[in-house]
Amino acid sequence: ISLSVQIPLDKFLPSSWLNLSSSITDDNRSVSSVGLTGTALADNNLTYNVQQGYGTDGVGVTGNTGIDYKGRYGEYQAGYNYTNKTKQLTYGVMGGALIHKYGYTLSQPLGDTMALIKADNASDVRVMNNSGVYTNNQGFAVVPYVTPYRKNRLSLDTSKLPPNVDLLGDSETVVPTSGAVVLANYPTQSGNKILLRLTNKEIPFGAIEKVDNNGSISQGIVDNRGIVYLSGVPVTGTAMITWDSGKCLANYQIKNTKQISFITVDCH
């Protein structure tokens, strides 16, 4: 006869469960245990378990505990278990390295089919729905497991982008074959972010503003208050505003490059 119960403890400890079990055999030998399992950290990349048990007929007290952490460059494990006769400590590190035409990227243990994330200069960006997977300093990351012959939608968390980088799109869909490494490319704009307030009252709503940053064009649309948001622009530059019946030029200079600058300029 055996009985097993799992009780969620989200109200007291998020993403955790209390496990209770007991069994008894025909010859009256019994084993009972109580344990706690769950996940932790903002990305749910830490898994833990603690178990305590007792058995009759010479089994006595038993116990085990273990943690598993999925990090940016690997997976780390540690555990400890004991009985009335033995004690055992375990630990391990697993990881992978993907060599590609842009260089190499360290990762968690690799599966058979995987995806390479490329978002130039967008460092420390989380790949959503993949615990512990973040882009490195160059903007690369490896998703170690994707499903072959199906659409895999890979999205990046844009809430914590570096201050000088913008993503032009946060999602890509890949359909790999079995055993393939597929590229998910996310175009980025590197440069400063500004809000320009244009004092020329002739500029209509919907006018197009462009700034050239060494061949990379940053573009925005003027709103009904004469304000336009631009990203990926140089510290000093000239914005060109065009509309159906005319155009004008506005010179600007950014003083604080660590945050979005609000600048009022004349356009003539």
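# A tour from Asn-214 through the strands

Start by selecting Asn-214: at 79% relative accessibility, this residue counts as exposed. Here exposed means over 50% relative accessible area, buried means under 20%, and partly exposed is in between, with a 1.4 Å probe and protein chains only. Asn-214 sits in the loop between strand E18 (208-213) and strand E19 (216-221). Its phi is positive, about 55°, although Asn-214 is not a glycine.

Before moving on, note that this is a predicted model, in which local features need pLDDT of at least 70 and side-chain atom pairs count only at pLDDT 80 or more, while totals for chains, interfaces and linings use all residues. Residues are numbered from 1 along each chain as its sequence is written, and side-chain values use heavy atoms, with hydrogens and water left out.

## The whole chain

Zoom out to the full protein chain, which has zero helices and 23 strands. Its radius of gyration is 28 Å, well over the 18 Å given by the globule rule for 268 residues, so the chain is more spread out than a compact globule. That radius is taken over C-alpha atoms, and the rule is 2.2 Å times the number of residues to the power 0.38. Helices (H or I, at least four residues) and strands (E, at least two) are DSSP runs, numbered from the N terminus.

Turn the C-alpha trace along its principal axes: the spans are about 95 × 40 × 35 Å. Of the 268 residues in the protein chain, 38% are buried. With a surface display on, the exposed area is about 16,000 Å², of which carbon and sulfur atoms supply 52%. Accessible areas come from the Shrake-Rupley method with a 1.4 Å probe; for residues, only the protein chains shown count as cover.

Colour by charge next. The protein chain has 21 positive and 20 negative side chains, and the centres of the two sets lie 3 Å apart. Lys and Arg count as positive and Asp and Glu as negative, with His and the chain ends not counted.

## The loop between E3 and E4

Select Leu-41, in the loop between strand E3 (30-40) and strand E4 (46-55). Leu-41 is partly exposed, at a relative accessible area of 49%. Leaving aside neighbours within four places in sequence, Leu-41 is in contact (heavy atoms within 4.5 Å) with Leu-46 and Tyr-69. Phi of Leu-41 is near 75°, a positive value in a residue other than glycine. To place Leu-41 in space, show Pro-14 as well: the two are 27 residues apart in sequence and 10.0 Å apart, C-alpha to C-alpha.

Asp-43 is in the loop between E3 and E4 too. Is Asp-43 buried or exposed? Asp-43 is buried, with a relative accessible area of 10%. Its side chain makes a polar contact of 3.3 Å with the side chain of Arg-126. A polar contact is a pair of N or O atoms within 3.5 Å; within protein, one must be able to donate a hydrogen and the other to accept it, and residues adjacent in sequence count only if both atoms are side-chain atoms. Not counting residues up to four places away in sequence, Asp-43 touches Arg-126, Asn-130, Ser-131, Gly-132, Val-133 and Tyr-134.

## Strands E9 and E10

Move to Thr-105 in strand E9 (residues 103-107). Thr-105 is buried, with a relative accessible area of 1%. Which side chain does the side chain of Thr-105 join through a polar contact of 2.9 Å? The partner is His-100. Beyond four places in sequence, the contacts of Thr-105 include Gly-96, Leu-116, Phe-140 and Ala-141. The C-alpha atoms of Thr-105 and Ala-141 are 6.6 Å apart, with their positions 36 residues apart in sequence.

Then select Lys-118, in strand E10 (residues 114-118). Lys-118 is buried, at 11% relative accessible area, and its side chain joins that of Asp-120 in a polar contact of 3.0 Å. With neighbours within four places left aside, Lys-118 is in contact with residues including Tyr-102, Phe-140, Leu-183 and Tyr-186.

## Last stop

Finish at Lys-258, in the loop between strand E22 (246-253) and strand E23 (261-265). Lys-258 counts as exposed, at 71% relative accessibility. Add Asn-192 to the selection: its C-alpha is separated from that of Lys-258 by 8.1 Å, and the two are 66 residues apart along the chain.

Technical notes: Charge placed at Lys NZ, Arg CZ, Asp CG, Glu CD.
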